[in-house]
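Biologist: Could you take a close look at the aromatic rings in this model for me? I would love one connected account, with the cut-offs spelled out.

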Amino acid sequence: MSRMQQSAAQHCLLISEIVGEICEVLHANGQLKALAQLSQTCKPLHETVVPVLWRHIEGFKPLLKLLPQDTWAEIRCPDGWTPFYLINPDALDWTRYKYYAPFIRSLRWLSSDTISPEALAAVSLHSPYGNALLPRLSKLTWHDSQGCCMAFARMFLTPSIRELNLTVPDHHAPKATAAFFKYARRVCKGVEVLNLNSCCEASKVCPRFPHSNDVSLRLAEWLRALTNLRAFEGRSYLTANCVLALGVLPNLRTVRLENASRQMEAIAAALTSPSAAGKSWFKSVVTLHLWLHQLDGSSQVFLAAVQSTTLCNLLLFVYLPPDLLVARKHMQVCARAAYKHSLRSVTYFVPVLENTNHPSSALPIKTILNPLFALQQITHVAVLVPHFDLDGDTLRAMSEAWPALKKLSILHGFHETEDLRGTSKYVALGDLVHLARNCPDLQDIGLHLDATNAPAVNDAEVQRLLPVPSRCKLYKLMVPVAPIEDPVSVGRFLHRLFPDLRTIVDIVGCMATCDNVIRAGLTPKLRDVHNLVAGLMYNAAPATKHLVFPHSFSGGGATAAMTHNTLYGPPDLRVCGHARHAPGSGA
């Protein structure tokens with residue numbers, strides 16, 4: 001075919017940038033087989049496709065299988081595992097390995113990657129790249145729950161690594177873990193993102209990091225050398241030396257720490273020691289997430305020690321609910337800290353855990369958040385606690401204190417389908433007037449509302465509540481299980497308060513009448529298998545076949561002529577729901 005007879009699509013395929021974009025789309029959609037077929041079409045396409053196809057690999061086995069087939073084998077064990085073995089490592093041909101290995105930028109190693117330690121040792125000994133098996137690797141995810149291959153993890157460390165996600169056991173292979181951190185300090189000084197996790201089946205609340213002094217010492221030395229580190233996430237207990245090593249890093253922007261009370265006490269003591277005097281801790285941090293067992297004096301010391309003047313986002317996740325005085329003191333610390341002028345987002349979360357004694361009295365939201373009322377730049381506030389009191393006066397105070405507010409979420413920590421009006425005070429629908437009047441930039445609200453008594457929607461009442469037409473930009477309102485009697489009046493009232501409101505999220509839980517609840521999912525029990533199998537319908541079909549599509553139906557009642565009713569009916573008609581839309585009301 002002559003060049004003049006080629007189509008426009010064929011001309012486009014001559015441009016490597018366009019072919020590269022096509023490859024990126026195929027790779028993002030997981031169409032690796034199509035990429036492999038495309039790479040075998042011709043040499044120009046092969047050169048463009050192969051770097052995309054081999055950019056990320058799941059496990060190291062796909063690369064090892066490029067070795068001659070007569071040099072390796074997969075032998076099935078009695079327990080069902082099929083480890084990878086090298087039969088004749090002295091006669092390996094590394095030609096194909098050397099061609100594809102430089103293309104790999106990301107490796108994800110899981111515990112299930114069944115490569116025998118003997119094979120890894122042989123690869124390390126005979127590899128053409130020496131200790132660095134993947135010379136251009138930039139992202140490494142290593143998950144070794146038993147520590148079986150921890151001694152070989154350092155073979156994948158290269159100076160080019162920028163992101164490292166490491167999960168190690170809390171008590172297995174401490175010597176190999178210490179050796180890994182020691183080698184990482186020498187090789188990986190350019191890491192920018194570090195996620196450090198530990199596997200611990202004994203602790204269900206918070207994982208633990210190895211308590212070996214040598215492991216903690218080597219980790220602290222490595223952390224001090226990571227001057228380019230921008231983000232650190234630690235789902236493990238860190239010693240005071242490790243936390244202080246993080247605190248002096250000049251470019252650290254995002255920090256997530258998870259520690260128990262004993263570790264926090266040691267950290268607080270180190271921060272207040274004479275040797276720490278005059279140092280600026282976490283001076284560049286923008287986002288700080290603290291996951292703690294409880295709030296106490298040591299957590300107050302830590303919040304006060306943060307010297308960042310750019311801290312915008314603060315999250316406090318507390319497993320054990322504190323009393324009112326302790327929670328208020330922590331907010332007072334934040335209101336006086338070095339980041340008091342930069343703080344924009346505050347999240348306070350106390351989850352509901354089994355076998356935890358939660359306070360029977362409700363926490364007054366206004367008392368807890370009152371110290372933050374002085375920070376007028378606050379734009380995001382989220383509070384999730386088991387019991388709380390929230391009334392119209394509190395909403396008024398918050399709207400006046402935070403005129404730049406964009407998102408407000410105050411919800412209880414129980415399941416949203418439970419009615420807690422006896423333990424947590426619901427906000428009346430009319431109390432939203434304060435937010436509509438004082439927070440023009442508000443976009444997202446999550447509150448427990450009581451809409452049983454909707455204010456009258458007439459011109460006189462609206463003029464009294466809103467002397468000036470609402471300029472609030474709210475477009476999403478989340479009201480978990482809000483009691484409502486007259487949806488038409490509620491819809492009209494919300495439309496006058498929030499003209500741009502488009503989405504109302506109401507979490508609905510439906511269950512057919514029964515005498516028991518089938519336990520499944522997170523807490524399965526063997527005795528529930530029979531009930532589970534007998535009580536559910538199993539139909540193998542594409543996901544689209546299981547979708548519940550709404551359809552209109554004729555509703556009854558005095559307002560039927562003024563509304564459009566939509567029925568959501570699954571196969572079991574005992575479990576259904578319907579939505580009512582009032583024309584002209586915006587709901």
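Modeller: Happy to; here is a walk through the aromatic rings and the charges over them. This is a predicted model, where local features need pLDDT of at least 70 and side-chain atom pairs count only at pLDDT 80 or more, while totals for chains, interfaces and linings use all residues. Residues are numbered from 1 along each chain as its sequence is written, and side-chain values use heavy atoms, with hydrogens and water left out.

The structure holds 17 aromatic pairs (rings of Phe, Tyr and Trp, the last by its six-membered ring, with centres within 6.5 Å; planes under 30 degrees apart are stacked, over 60 edge-to-face, the rest tilted). One of them joins W54 and Y100: the ring centres are 4.9 Å apart and the planes meet at 40°, so this pair is tilted. W54 sits in the loop between helix 4 (43-53) and strand 1 (56-58), and Y100 in helix 6 (residues 95-100), so the pair links distant parts of the chain, 46 residues apart. Helices (H or I, at least four residues) and strands (E, at least two) are DSSP runs, numbered from the N terminus. W54 is buried at a relative accessible area of 14%, and Y100 is buried at 15% (buried is under 20%, exposed over 50%, partly exposed in between, with a 1.4 Å probe and protein chains only).

Elsewhere, F60, W94, Y97, W109, W142 and F156 form one aromatic cluster. Charges also meet rings: the charged end of R154 sits over the ring of Y183, 5.5 Å from its centre, and R256 lies over the face of W291, at 4.1 Å from the ring centre. Here, NZ of Lys or CZ of Arg must be within 6 Å of the ring centre and within 35 degrees of the ring normal.
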